[in-house]
Amino acid sequence: MNRNDFKEHSRITVTWKDREGKFRPGNFYVYALLRDAMIVRATDKDGLLRKLPYSDVLRIVRYQEIAPQDRYMIPEEVLKENNWKDRDIMVRYSSSPSLGK
């Protein structure tokens with residue numbers, strides 16, 4: 001998969017490859033698209049922010065675009081590519097459809 005297959009502020013259900021190389025189902029909210037990866041939140045598991053490389057996504061099972069009033073917000077500074085160059089996971093709980101409140 002590549003960057004053009006995804007869109008910011010959408011919910012996706014995918015088959016993806018984890019760190020151990022196992023194929024897993026996953027439900028994610030896509031916050032930002034970076035050069036080689038996207039910043040997502042797992043909506044069905046731990047709720048952590050993750051950097052998910054496009055190459056780790058094998059198949060998109062379901063895609064749903066989110067209306068502007070229902071979007072989850074994270075400060076732009078957190079989503080910048082420079083903050084994610086040395087990390088794959090971030091604990092951040094301020095996301096909500098009420099503009100981070």
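**Strands and rings in the predicted model**

Val30 stands opposite Val40 of strand E3. That pair of residues is a handy place to start reading this structure, which is a predicted model. Val30 belongs to strand E2, which covers residues 23–33 and pairs with E3 in the antiparallel sense. Five bridges hold this pairing, and the two strands are joined by a hairpin through three residues.

On the other side of the story is strand E4, residues 49–53, which also pairs with E3 in the antiparallel sense, again over five bridges. Val40 appears here once more, since it stands opposite Arg50 in E4. E3 and E4 form a hairpin of their own, with six residues between them. In that turn, Gly47 has a positive phi of about 75°.

How many of the six residues of strand E3 are buried? Six of the six are, so the strand, residues 37–42, is largely enclosed by the rest of the structure. Following the side chains along E3 shows two directions: Ala37, Ile39 and Arg41 point one way, while Met38, Val40 and Ala42 point the other way. Residues pointing in either direction are buried, Arg41 included.

Zooming out, E3 takes its place in an open sheet of six strands, in the order E5-E1-E2-E3-E4-E6 and with antiparallel pairing. Which strands stand at the edges? They are E5 and E6 (89–90), each with a single partner strand, so one side of each is left without a neighbour in the sheet. For E5, the pairing is with strand E1, residues 10–17; the two run antiparallel and are joined by seven bridges. Within this pairing, Thr15 has Arg59 in E5 as its bridge partner.

The aromatic rings add another layer to the picture, as the structure holds four aromatic pairs. One of them is formed by Tyr29 and Tyr72, whose rings are tilted, at 5.0 Å centre to centre and with 45° between the planes. This pair links distant parts of the chain, with the two residues 43 residues apart. Tyr29 lies in strand E2, whereas Tyr72 sits in the loop between strand E5 (57–65) and helix H1 (76–79). Is Tyr29 buried or exposed? Its relative accessible area is 0%, and because buried means under 20%, Tyr29 counts as buried. Tyr31 joins in as well: ring pairs link Tyr29, Tyr31 and Tyr72 into a cluster.

Key
Residues numbered from 1 in each chain as written. Predicted model: local features only at pLDDT ≥ 70, side-chain atom pairs only at ≥ 80, totals over all residues. Heavy atoms only, no water. Buried < 20%, exposed > 50% of the residue type's maximum accessible area, 1.4 Å probe, protein only. Helix = DSSP H or I, 4+ residues; strand = E, 2+ residues; numbered from the N terminus. Pairing = 2+ DSSP bridges. Phe/Tyr/Trp six-rings, centres within 6.5 Å; stacked < 30°, edge-to-face > 60°.
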